[in-house]
Amino acid sequence: MEINIHNAEILLSAANKSHYPQDELPEIALAGRSNVGKSSFINTMLNRKNLARTSGKPGKTQLLNFFNIDDKMRFVDVPGYGYARVSKKEREKWGRMIEEYLTTRENLRAVVSLVDLRHDPSADDVQMYEFLKYYEIPVIIVATKADKIPRGKWNKHESAIKKKLNFDPSDDFILFSSVSKEGMEKAWDAILEKI
Ligand SMILES: Nc1nc2c(ncn2[C@@H]2O[C@H](COP(=O)(O)OP(=O)(O)O)[C@@H](O)[C@H]2O)c(=O)[nH]1
Ligand SMILES: [Mg+2]
């Protein structure tokens, strides 16, 4: 499929099913902890500086944000999990919103699950991966901020993450940096393969 990535825009934000776009375009969802680099990933992939707002303040995005890419596919930015300062009630509401989207959305083709290459995956990262495997939702692991780790240590960090996640070797694992654009081509290849 030919996709003009420069023809991208934010389409809408939704809190539940009734607000999702009503068509059959394939969707790729982005999931990960607040601050892991989801918005930066979207901006990098779409060659934009500030389409998906990057913010130093984690946990600000509370809705599913749908990005239209050339009227052919969408990115869906899922609010970041693991933000300690939201109440239990808000976390539950968040959980139901994500779960509804991930388990019932027919447009969903794969989830790009972002983890920070520098650190062991958090309990939430592990839970998200287990959830996706359980529901047999195709997953692409993207390890962000690779520019912050010397190249010679990438393997060691990758292995540690895979071990902690109980990573299925049939899934994609991509080292990524929104600073150097490392992994951008591979990420696009993996995404286009799923849609
Ligand atoms: N060095 C570096 N910083 C990054 C990278 N990706 C994101 N960041 C920074 O990490 C912070 C959080 O990024 P953001 O994209 O807003 O994360 P989000 O909360 O997951 O959407 C920002 O200060 C970004 O500039 C990366 O690949 N390399
Ligand atoms: Mg964000």
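Two strands pair if DSSP finds at least two bridges between them. With that in hand, here is a set of close-up views of this predicted model.

**View 1. The hairpin of β3 and β4.** Strands β3 and β4 form a hairpin, with three residues between them. The two strands pair in the antiparallel sense, and five bridges hold the pairing. β4 covers residues 73–77. Two of the partners are easy to pick out: phenylalanine 66 has valine 76 as its bridge partner in β4, and asparagine 68 stands opposite arginine 74. In the turn, look for aspartate 70, which lies in the loop between β3 and β4. Aspartate 70 has a phi near 60°, a positive value in a residue other than glycine. Is aspartate 70 buried or exposed? Its relative accessible area is 14%, so aspartate 70 counts as buried.

**View 2. β4 and its other neighbour, β2.** On this side the pairing is parallel: β2 and β4 are joined over four bridges. Isoleucine 28 has phenylalanine 75 as its bridge partner in β4, while leucine 30 stands opposite aspartate 77. How many residues of β4 are buried? Five of the five are, so β4 is largely enclosed by the rest of the structure. In a regular strand the side chains alternate between the two faces of the sheet. Here both faces of β4 are covered, with Met73, Phe75 and Asp77 on one side and Arg74 and Val76 on the other, all of them buried.

**View 3. β2, with β5 alongside.** Six bridges join β2 to β5, and these two strands run parallel. Glutamate 27, for one, stands opposite leucine 108 in β5. As for burial, six of the six residues of β2 are buried, so β2 is largely enclosed by the rest of the structure. One side of β2 carries Glu27, Ala29 and Ala31, and the other carries Ile28, Leu30 and Gly32; both faces are covered. Beyond the strand, asparagine 35 lies in the loop between β2 and α1. Asparagine 35 has a positive phi, near 80°, in a residue other than glycine. With 46% relative accessibility, asparagine 35 counts as partly exposed.

**View 4. The sheet as a whole.** Stepping back, the open sheet has seven strands in the order β1-β3-β4-β2-β5-β6-β7, and the pairing is mixed. Which strands stand at the edges? They are β1 (8–14) and β7; each has a single partner strand, so one side of each is left without a neighbour in the sheet. Direction ignored, neighbouring strands are turned by 25° against each other on average. Helix α3 lies across β2, β5 and β6, running at about 160° to β5.

**View 5. The largest nonpolar core.** In soluble globular proteins, nonpolar side chains tend to be buried together. The largest nonpolar core in this model has 35 residues, and those touching the most other members are Leu64, Tyr101, Leu102, Val111, Leu117, Leu132 and Ile141. Among the elements that give two or more residues to this core are α2 (88–104), β5 (108–116) and α3 (123–134). Valine 111 is a good place to zoom in: not counting residues up to four places away in sequence, valine 111 touches Ala29, Ala31, Leu102, Leu132, Ile137, Pro138, Val139 and Ile140. A second, separate core of 28 residues includes Leu51, Ala110, Ala187 and Ile191.

**View 6. Alanine 143 in β6.** Alanine 143 lies in strand β6. At 0% relative accessibility, alanine 143 counts as buried. What does alanine 143 contact, leaving aside its neighbours within four places in sequence? The contacts are Val115, Leu117, Ile161, Phe173, Ile174, Leu175 and Phe176. For a sense of scale, the C-alpha atoms of alanine 143 and alanine 52 are separated by 19 Å, with the two residues 91 apart along the chain.

**View 7. Helix α1 against helix α5.** Two packed helices are described by the angle between their axes and the distance between the axes. Helix α1 (residues 38–45) and helix α5 (residues 184–194) pack at about 90°, with their axes 10 Å apart. The two helices are therefore roughly perpendicular to each other. From α1 come Phe41, Thr44 and Met45, which meet Met184, Ala187, Trp188 and Ile191 in α5. By class, this contact of α1 with α5 has six nonpolar residues, one polar and no charged.

Methods:
Residues numbered from 1 in each chain as written. Chains lettered and ligands numbered in written order. Predicted model: local features only at pLDDT ≥ 70, side-chain atom pairs only at ≥ 80, totals over all residues. Heavy atoms only, no water. Axes fitted to C-alpha atoms, helices over the stretch in contact; angles between N-to-C directions. Parallel < 35°, antiparallel > 145°, perpendicular 65-115°, else oblique. Contact = heavy atoms within 4.5 Å. Nonpolar A, V, L, I, M, F, W, Y, C, P; charged D, E, K, R; others polar. Core = buried A, V, L, I, M, F, W, Y, C linked by side-chain atoms within 4.5 Å. Buried < 20%, exposed > 50% of the residue type's maximum accessible area, 1.4 Å probe, protein only.
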